[in-house]
Amino acid sequence: MKYLIVSDIHGSLPALEKVLDFYKEQHCNMMLILGDILNYGPRNSIPEGINPKEIANRLNEMADSIIAIRGNCDSEVDQMLLEFPILSDYALIVDNGKRLFLTHGHIYNEDKLPKGKHDYLFYGHTHLWKLEREKGMTICNTGSITFPKGGNLPTFAVYENGKVSVYELNGTLLKEC
C-alpha cells in the first residue's frame, strides 16, 4: 500500500488541495492524517484560504481511504463535520509486517515513545519536519502543510514498502529513508 501522511492542515483549503492533487497523481491508496485538521488553533494566525467546511466535504468524499487521529486543536465539534473517526490519540497500522505508529505528537513523540515495538513513528505537532533512523526505528515528523516553522517549507510524507519520503507541498522530494 502507498500511504500519504499529512499533519497540521489547520483549516487551509489551498494547502489541502495541493496534497490531494499529489495523492491522486501518485496513486496513493490511503491518507493518514495526524491531527489538527479543521481548526487553525489560537496560537496561529488565520491561514490563507481557511475553509474548514469545504475541507470536511473534500475529506468526507474519501472517508473510506482515511485513517486519522486527534491533534491538540481537534475537538468533538470537528468530529461532527467529519465522516471518519478523528478522536483517537494514536493508531497502529501493520503493513507487510512493519508496525507504523501514528500520533499527533503532543502526547507521544520521539522523546516520549509509546510502549511496545514499532518500526516507524509518524507524528506532527511541532511543524518541523524530520526523517531519521533512531532508537531502532524510523522517526518521521511530517511537518505542517499550512504553518511550517523553523524556516521550513510546507511538507508531508509518503510511506510505501518500507520507504519513507518527505516532500515539499509542491511535490519536490526532500529526503528518503
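**Exercise 1. Find what share of the 177 residues of the protein chain counts as buried, then check the overall build.**

*Solution.* Let's start with burial: in this predicted model, 51% of the 177 residues of the protein chain count as buried. Next, take the radius of gyration. A compact globule with 177 residues would have a value near 16 Å, and the protein chain has 15 Å, so the two agree. The box around the C-alpha atoms, taken along the principal axes, is roughly 40 × 35 × 30 Å. Finally, look at the surface: the protein chain exposes about 8200 Å², with carbon and sulfur atoms supplying 48% of that area.

**Exercise 2. Work out the order of the elements in the protein chain.**

*Solution.* Count before you order: the protein chain has three helices and 11 strands. Now walk from the N terminus, and you will read β-α-β-α-β-α-β-β-β-β-β-β-β-β. For contacts with a separation of 6 or more, 55% come from residues 24 or more positions apart.

**Exercise 3. Decide whether Thr155 is buried or exposed, and describe its surroundings.**

*Solution.* First, place the residue: Thr155 belongs to strand β9, which covers residues 155-160. Second, compare its relative accessible area of 1% with the cut-off for buried, under 20%. Thr155 is therefore buried. Third, list its partners. Leaving aside residues up to four places away in sequence, Thr155 touches several residues, including Trp129, Ile145, Val166, Tyr167 and Leu174. Thr142 is also among them, and its backbone oxygen lies 2.8 Å from the side chain of Thr155.

Technical notes:
Residues are numbered from 1 along each chain as its sequence is written. This is a predicted model: local features need pLDDT of at least 70, side-chain atom pairs count only at pLDDT 80 or more; totals for chains, interfaces and linings use all residues. Side-chain values use heavy atoms; hydrogens and water are left out. Helices (H or I, at least four residues) and strands (E, at least two) are DSSP runs, numbered from the N terminus. The radius of gyration is taken over C-alpha atoms; the globule rule is 2.2 Å times the number of residues to the power 0.38. Buried means under 20% relative accessible area, exposed over 50%, partly exposed in between (1.4 Å probe, protein chains only). Contact means heavy atoms within 4.5 Å. Accessible areas come from the Shrake-Rupley method with a 1.4 Å probe; for residues, only the protein chains shown count as cover. A polar contact is a pair of N or O atoms within 3.5 Å; within protein, one must be able to donate a hydrogen and the other to accept it, and residues adjacent in sequence count only if both atoms are side-chain atoms.
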